[in-house]
Amino acid sequence: MNHPPRIRLAGLVAAAAIAATACSSGRTAAIDGPTYRATTTTTSTPSTTIGTTAAGGVEVIELAPVTIDAIAVEAVAPVSWTEDPPGLFTADDGGQLAFGAVRTWLAPNPAEHGLEPVERLQAGDRWWNIHAGGNGQLAAVVAVTGDELMQYSVQLAVAAETADLYIDTVAMPVLEAFEVIDPTLHAGVLEAASVDIDGRSVAYATGGTGDATVVLESGWDDGMAVWATVGDDAARLARVFAYDRPGTGHSDPTTGPRDGASIVQELRATLDATGHEPPYVLVGHSLGGLYMELFARTHPDEVAGLVLVDATTAGQVERCIDAMGSPECDPFTDEALDDLPEPGRSEGIGMAVTEDQVGAAPALDAVPTVVLVAGRNEEGPAYDEFWVGLQRERAAELGAELVLAEDGSHYLQADRPDLVLQAIEDVIEQHRRQSSP
């Protein structure tokens, strides 16, 4: 299926809020001893070297070498970037060093990945909050700094027995050399906040103005980080609300049920508590699309429009098995769910109930809807054909416009944020026309 859970590995993804796109390029430093291979992500065709202009004319990242004599490593530190891609540097002895930047409303949360704060230190002209942890074999260190616009992180993940050496000879010189040029390129529109809902802290981000509120709902086991490429620009069209469902991102977990009706109820309570009044433009990705469809069906008087971003469809597992005869169509087997961490496990268990709830809900009536579908998934051409066909049928049932991103992957908000933003703008305009006297 094209909706697999994202298994979070402690330390290695300690700044998982960093938004990345699909293509990569790299080079290996030509020196003796352990070396670092650098990869960066771009929105264009990958180039073959680092430090040159990537294909498409996008200057991705500038690299300043730092020679580490103690272990014969040439590390590299980012000096500037014009987008906000992460840089990942992997040594041939298994060590990893990564850099990233996220908007402040998506600030990294090392504690979510089992890392404890250990100290605050000054390196160069910046103060860094240092977090560390590990699992006995792996040692992970994450340093986070920031300003009013962005949060920057440097991550180190190495074998436990070499941790002290790498920290002293790689991580610290990199922190000293770390320099960010013109962070205003990343000026954020949304602002981070939190609210107490039934004794739980719910993290959210909001900004923009307008008569309608765009609600960004993430997919299975995802937090609002997946909307990093959309949130700020959407806030130039309307008021925007993004949030972390319980147990994801910076929101506290819950022991409550994780079916669609419960999640819609929680969302409506959160919108009310944060002063976000209807009408809502509901934007749902993957499993979040099924939640937003249920919201629109059960509370149509609160909904101005619906945008489904490569969304889960009720009954898709059975349809997939019928069409392809493959047990791999079902990611929600008991065995698979038993191996999942929370909240993915509970959301997976709740999916069958959610599908029943959608099936029993009233049909959509006069709600402007756009269905965005990815034409390229990891499962191969046969599944792509099935998936696009299924989404075409769904769009027809909903009376929706269908937009096919032929080269887009499941995370269309990362691959084709322009299509997501255009869909939001279109349903807002349709709602305005319907509402005008």
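**Exercise 1. Helix 5 against helix 9**

Describe how the axes of helix 5 and helix 9 cross in this predicted model, and name the residues that make the contact.

*Solution.* Begin with the axes: those of helix 5 (residues 316–324) and helix 9 (residues 381–398) come within 11 Å, and they cross at roughly 130°. Angles from 65 to 115 degrees count as roughly perpendicular and those over 145 as roughly antiparallel, and helix 5 and helix 9 are therefore oblique to each other. The handedness comes next, and here helix 5 passes helix 9 in a right-handed crossing. On the side of helix 5 the contact is made by Gln-316, Arg-319, Cys-320, Ala-323 and Met-324, while helix 9 brings Ala-382, Tyr-383, Phe-386, Trp-387, Leu-390 and Glu-393. Sorted by class, the residues of this contact of helix 5 with helix 9 are eight nonpolar, one polar and two charged.

**Exercise 2. Two contacts of helix 4**

Set out which residues helix 4 uses against helix 8 and which it uses against helix 3, giving the crossing angle for helix 8 and for helix 3.

*Solution.* Take helix 8 as the starting point: the axes of helix 4 (residues 287–298) and helix 8 (residues 351–360) come within 10 Å and cross at roughly 35°, and the crossing is left-handed. Helix 4 contributes Leu-287, Leu-290, Tyr-291, Glu-293, Leu-294 and Arg-297 to this contact, and helix 8 contributes Met-351, Thr-354, Glu-355, Gln-357 and Val-358. The contact of helix 4 with helix 8 has, by class, six nonpolar, two polar and three charged residues.

Turn then to helix 3 (260–273), whose axis comes within 9 Å of that of helix 4, with a crossing of roughly 75°. That angle makes helix 3 roughly perpendicular to helix 4. The residues in contact are Gly-260, Ala-261, Ile-263, Val-264, Leu-267, Arg-268 and Leu-271 of helix 3, together with Tyr-291, Met-292, Leu-294 and Phe-295 of helix 4. The classes in the contact of helix 3 with helix 4 are nine nonpolar, one polar and one charged. Reading the two lists together, Tyr-291 and Leu-294 of helix 4 take part in both contacts.

**Exercise 3. The eight-stranded sheet and the helices on it**

Work out the strand order of the open sheet of eight strands, follow the pairing of strand 12 with strand 11 and with strand 14, and state which strands helix 4 and helix 11 touch.

*Solution.* The order of the strands is 11-12-14-13-15-16-17-18, and their pairing is mixed. Strand 11 (191–197) and strand 18 (401–405) are the edge strands, each of which pairs on one side only. With direction ignored, neighbouring strands of this sheet are turned by 20° against each other on average.

Strand 12 pairs with strand 11 in the antiparallel sense over seven bridges, and in this pairing Val-195 stands opposite Val-202. The hairpin of strand 11 and strand 12 has two residues between the strands, and Asp-198 in that hairpin takes a positive phi near 55°. Strand 12 (residues 200–207) is also joined to strand 14 (residues 239–243), by four bridges and again antiparallel, and Ala-205 stands opposite Ala-242 in strand 14.

As for the helices, helix 4 lies across strand 13 (213–217), strand 15 (280–285) and strand 16 (303–309), and runs at about 150° to strand 15. Helix 11 (residues 417–435) packs on the sheet as well, touching strand 13, strand 15, strand 16, strand 17 (369–374) and strand 18, and its direction makes about 155° with that of strand 16.

**Exercise 4. Backbone details in loops and turns**

Locate the cis peptide bond, and describe the phi values of Asp-310 and Gly-124.

*Solution.* The peptide bond from Pro-278 to Pro-279 is cis, with omega near 10°, and Pro-279 lies in the loop between helix 3 and strand 15. Asp-310, a residue other than glycine, has a positive phi near 45° and belongs to the loop between strand 16 and helix 5. Gly-124 has a positive phi of about 65° and sits in the turn of the hairpin of strand 7 and strand 8, which has two residues between the strands. Strand 7 (residues 116–123) and strand 8 (residues 126–134) pair in the antiparallel sense over seven bridges, with Glu-119 opposite Ile-130.

**Exercise 5. Confidence**

Identify stretches in which the pLDDT is below 50.

*Solution.* For the protein as a whole, the mean pLDDT is 76, and 74% of the residues reach 70 or more. Residues 1–86 have a pLDDT below 50, although this stretch has 241 contacts in the model beyond near neighbours in sequence. Residues 182–186 also have a pLDDT below 50, with 13 contacts counted in the same way.

Definitions and conventions
Residues are numbered from 1 along each chain as its sequence is written. This is a predicted model: local features need pLDDT of at least 70, side-chain atom pairs count only at pLDDT 80 or more; totals for chains, interfaces and linings use all residues. Side-chain values use heavy atoms; hydrogens and water are left out. Axes are lines fitted to C-alpha atoms, for helices over the stretch in contact, and angles run from 0 to 180 degrees between N-to-C directions. Angles under 35 degrees count as roughly parallel, over 145 as roughly antiparallel, 65 to 115 as roughly perpendicular and the rest as oblique. A crossing is left-handed if the near helix is turned anticlockwise from the far one by less than a right angle, and right-handed if clockwise. Contact means heavy atoms within 4.5 Å. Ala, Val, Leu, Ile, Met, Phe, Trp, Tyr, Cys and Pro count as nonpolar, Asp, Glu, Lys and Arg as charged, and the others, Gly among them, as polar. Two strands pair if DSSP finds at least two bridges between them. pLDDT is the predictor's confidence in each residue, from 0 to 100.
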